[in-house]
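Biologist: Could we go through this structure together, beginning with the chain as a whole and ending with a pair of helices?

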Amino acid sequence: MINRSAENETDRRLFLKSAGVAGLGVVGAGALGATTAGSAQAAGVSDGAVLNFALNLEYLEAEFYQYAAFGKGLDDKLTSGKGKKGGVKGGRQVSFATPAIRKYAEEIATDELDHVTFLRKALGGAKVARPAINIQESFTAAATAAGLIQPGQTFDPYANEDNFLLAAYIFEDVGVTAYKGAAPLISNKTYLEAAAGILAVEAYHAGIVRSALYSKGLQDAAKAISNARDSLDGKSGKDQGIGSEAGKANLVPTDKNGIAFSRTPGQVLNVVYLNPKSVTKGGFFPRGVNGAVNKSA
């Protein structure tokens, strides 16, 4: 199972070292019985492919936050790998009016950078390159679809802290549901534990962003974005806003059992490609993502 979950021997050892596991015996014992009928292996997709799918999303989040907080994107040494390497269109530093929100942005940016660094090291030679990323026109398209702006207008996520928070809201909620949805696809328990750790961080980020939006009275705008995401990833209607000005807050989106919902990788790509159809590129990834998992649902 360990052999099947890693791209090659070197990649597996790099992952174990990055994850802080001293020997293969611990992972081997823990991984027994981890495969299920619905696993990625059953569908012919390795754990490495699932983690590379996550790395594509982390590239997007890291670039968005690095520009917002520090005015520059990822260092070039963190963008190489398999597949076609692309550039980043858009991005600049936000002039934050609220010191606390600036601190939020800086901390989240640092976490997302750490996610990229960790996944790249863990995947070793199997890691994919950063694909082409658009954090300019894509936000205008998303805001237009949500009804935040009229056709022909422009939405700049870096223009002010309110716009920044609304843009961050698009990513963070999707990131949480993406990692939860990918969990059943991972067979190796060491990989799964690492992914769960990242999911927890993304959930903290989402909570910060949702709380900040609520405190600013941006419930209607958040609901519009939630509805737009729902229109892209199917007819389930699971996405939730942050509450209404007249009603109670909904800062933690859960079902009746207090459990967050999941998105399949395909549904996640529907959102980031900004297309409800089955496609391989668009939106924030104009030439698609790198790796085996690249088609929307």
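Biologist: What share of the accessible surface of the protein chain belongs to carbon and sulfur atoms?

Modeller: Please keep in mind that this is a predicted model, and that the value here is computed over the protein chain. The accessible surface comes to about 12900 Å². Of that area, the share belonging to carbon and sulfur atoms is 55%.

Biologist: Which pattern does the protein chain follow when read along the sequence?

Modeller: The protein chain has 10 helices and two strands, and buried residues make up 51% of its 297 residues. Read from start to end, the helices and strands of the chain follow the pattern α-α-α-α-β-α-β-α-α-α-α-α.

Biologist: Are the axes of helix α4 and helix α10 roughly parallel or roughly antiparallel?

Modeller: Two packed helices are described by the angle between their axes and the distance between the axes. For α4, residues 47-70, and α10, residues 265-272, the axes come within 12 Å and cross at roughly 25°. Because angles under 35 degrees count as roughly parallel, α4 is, relative to α10, roughly parallel.

Biologist: How many residues of the contact of α4 with α10 are nonpolar?

Modeller: On the α4 side the contact is made by Phe53, Leu57 and Leu60, while α10 brings in Pro265, Val268, Leu269 and Val272. When these residues are divided by type, no polar and no charged residues appear in the contact, and the number of nonpolar ones is seven.

Biologist: Is the crossing of α4 and α10 left-handed or right-handed?

Modeller: The two helix axes cross at roughly 25°, and the handedness is a further description of that crossing. For α4 and α10 the crossing is left-handed.

Technical notes:
Residues numbered from 1 in each chain as written. Predicted model: local features only at pLDDT ≥ 70, side-chain atom pairs only at ≥ 80, totals over all residues. Heavy atoms only, no water. Helix = DSSP H or I, 4+ residues; strand = E, 2+ residues; numbered from the N terminus. Buried < 20%, exposed > 50% of the residue type's maximum accessible area, 1.4 Å probe, protein only. Areas by Shrake-Rupley, 256 points an atom, 1.4 Å probe, with all protein chains shown as cover. Axes fitted to C-alpha atoms, helices over the stretch in contact; angles between N-to-C directions. Parallel < 35°, antiparallel > 145°, perpendicular 65-115°, else oblique. Left-handed = near helix turned anticlockwise from the far one by under 90°. Contact = heavy atoms within 4.5 Å. Nonpolar A, V, L, I, M, F, W, Y, C, P; charged D, E, K, R; others polar.
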